[in-house]
Amino acid sequence: MIDPEKGFTSDVITDANRFVGRIDLVRSCMQALNSPNSLIAIYGKRGLGKSSLLRQVQQMALGDYTLASNAGLHHEIPDNPRKYLTVFYTCDSIIDSGEGLLSRLCNDQNDEDGLLRLVPHDGKEIVEFSRAKEVSAGADLKVVNWGAKGVETSTYARVVDGDTVQTFRNFVSSIVQHQVKGRMNRDGLLILLDEFDVVSNKNGIGSLIKSLSSKDIKFGVCGIGQDLTDLIEDHASVERLLEQGAIHVKTMPKPEARNVLTKAEELFEGELTIDNTVKTKIVSASQGYPYFIQMIGKSCVSKASQLGLNAINENVYNRVLEDIKSGVAFPTLESAYQRAIGNTENRQMLLHLLAEQPEENTLFHEDVGRIFLKNVRKDAEEFEVDYLDQNLPRLLDRKFGPILRRIPEGQGIYEFINPVFRLYVNLRRI
Ligand SMILES: Nc1ncnc2c1ncn2[C@@H]1O[C@H](COP(=O)(O)OP(=O)(O)OP(=O)(O)O)[C@@H](O)[C@H]1O
Ligand SMILES: [Mg+2]
């Protein structure tokens with residue numbers, strides 16, 4: 001058996017050697033990291049590789065520029081790149097305000113990524129470690145022992161009861177003094193916040209981040225959104241900080257998508273190859289979404305193993321396609337599909353019509369993926385789908401997905417909330 005995970009993964013990519021393409025984005029991240037004041041904001045649709053890019057930002061912040069030099073940006077790497085200690089936190093929707101977020105940061109006990117790990121404290125034992133495989137790569141700090149008394153208020157940073165913002169400031173300034181400048185001799189502390197879009201009340205969060213940013217403390221936020229306002233509502237307050245740091249992750253161009261497959265072959269170290277014709281088909285089915293390439297890739301590896309082959313040829317790919325068509329290949333997407341159609345042929349037909357609509361650009365956004373209901377109506381008539389107006393609401397309903405969302409910029413314009421689900425519907429048999 002060949003382990004599919006050796007070449008493909010549906011996880012966030014931390015290892016720079018598995019990260020493919022995105023050269024322009026890597027360049028922008030590098031510039032934002034090296035400018036003293038810039039904030040970093042990574043946004044784009046679901047499943048495009050935002051979190052993976054944020055993890056690469058973290059590597060570069062530690063001084064590991066493997067990715068940038070592999071990407072041919074060697075001559076653009078500053079002679080003395082700014083180095084940071086890093087914090088990485090994934091937000092959730094229970095966080096309901098900027099203050100709630102700071103409170104979470106102050107209490108996070110993650111021993112490799114948490115803020116609390118860096119707050120100096122007598123009993124606590126912290127060691128240097130590298131996030132990359134290479135030994136030469138930049139080091140970060142991790143906790144190996146929280147101390148005999150457990151996690152406790154630090155002797156170096158004062159907790160101010162009832163004042164989260166001040167407590168956070170105290171924590172951060174003691175980190176900067178003792179760990180960043182002191183022990184590790186770095187230029188600053190970098191706080192990376194993933195899934196920032198799910199914070200339920202972002203009122204004033206931009207100005208809060210602005211007030212906390214300084215030449216010693218840089219923030220990077222990342223999340224789903226088609227523009228910055230989805231990420232930071234009061235983005236006007238951070239506009240100047242974002243001159244270099246606004247990073248829009250879009251679909252991968254075809255050659256780059258193909259490189260994900262070539263990279264996988266490389267990672268399999270000769271154990272497995274992928275036929276060129278199959279590469280072309282996977283690239284076309286995945287429409288620039290690396291997540292879909294990784295998922296189809298994994299399925300192909302398993303199928304090849306089952307058949308005792310060490311090449312993913314057309315036969316292997318067609319069998320995987322058959323599994324997708326019949327709904328057995330990707331259980332999570334399939335259950336979303338079943339929930340959306342709910343045993344109704346009409347709704348199933350409508351879903352497929354919507355998914356097949358050519359993606360059109362609208363006036364105000366360069367993002368593709370918009371669906372115009374008037375076009376769907378024409379097709380619906382042709383295919384005799386009745387009750388379009390009765391069937392559509394369920395696809396917008398939270399209880400059943402939701403699958404679509406209305407785009408406020410015009411009447412009758414919709415979008416699939418999860419673009420990967422749209423790709424799935426396109427491959428699924430009616
Ligand atoms: N540069 C890349 N090279 C190869 N694979 C990638 C790259 N970026 C992302 N992927 C793959 O795409 C998938 C999605 O990546 P990631 O989780 O980073 O995306 P995301 O935009 O954060 O998704 P979400 O919106 O769900 O948070 C993963 O399977 C990951 O392995
Ligand atoms: Mg993500």
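Domain bounds here come from an automatic or database domain assignment. The model is predicted: local features need pLDDT of at least 70 and side-chain atom pairs pLDDT 80 or more, while totals for chains, interfaces and linings use all residues. Residues are numbered from 1 along each chain as its sequence is written, chains are lettered from A and ligands numbered from 1 in the order written, and side-chain values use heavy atoms, without hydrogens and water.

**Exercise 1. Determine where ligand 1 lies relative to the domains.**

Step 1. The protein is split into domain 1 (22-249), domain 2 (254-325) and domain 3 (331-427).

Step 2. The shell around ligand 1 has 21 residues, and D11, V20, K50, S51 and S52 come nearest (a residue is near if one of its heavy atoms lies within 4 Å).

Step 3. Helices α2 (50-61) and α10 (290-306) each give at least two residues to this shell; helices (H or I, at least four residues) and strands (E, at least two) are DSSP runs numbered from the N terminus.

Step 4. Ligand 1 lies between domain 1 and domain 2, because both give residues to its shell.

**Exercise 2. Describe the surroundings of ligand 1 by residue class, backbone contacts and cover.**

Step 1. The shell holds 10 nonpolar, seven polar and four charged residues. Ala, Val, Leu, Ile, Met, Phe, Trp, Tyr, Cys and Pro count as nonpolar, Asp, Glu, Lys and Arg as charged, and the others, Gly among them, as polar.

Step 2. Oxygen atoms of ligand 1 lie 3.0 Å from a polar backbone atom of G47, 3.2 Å from a backbone N or O atom of L48 and 3.4 Å from one of S10.

Step 3. The protein covers 91% of the 630 Å² of accessible area (Shrake-Rupley method, 1.4 Å probe) that ligand 1 has on its own.

**Exercise 3. Characterise the interface of domain 1 and domain 3.**

Step 1. The centres of the two domains, taken over C-alpha atoms, are 37 Å apart.

Step 2. Five residues of domain 1 contact 10 residues of domain 3 (heavy atoms within 4.5 Å).

Step 3. About 720 Å² is buried between them, 43% of it from carbon and sulfur atoms; this is the accessible area (1.4 Å probe) lost on being put together, summed over both parts.

Step 4. K45, R46 and Q226 supply 79% of what domain 1 buries against domain 3.

Terms used:
A polar contact is a pair of N or O atoms within 3.5 Å; within protein, one must be able to donate a hydrogen and the other to accept it, and residues adjacent in sequence count only if both atoms are side-chain atoms. Buried area is the accessible area (1.4 Å probe) that two parts lose on being put together, summed over both.
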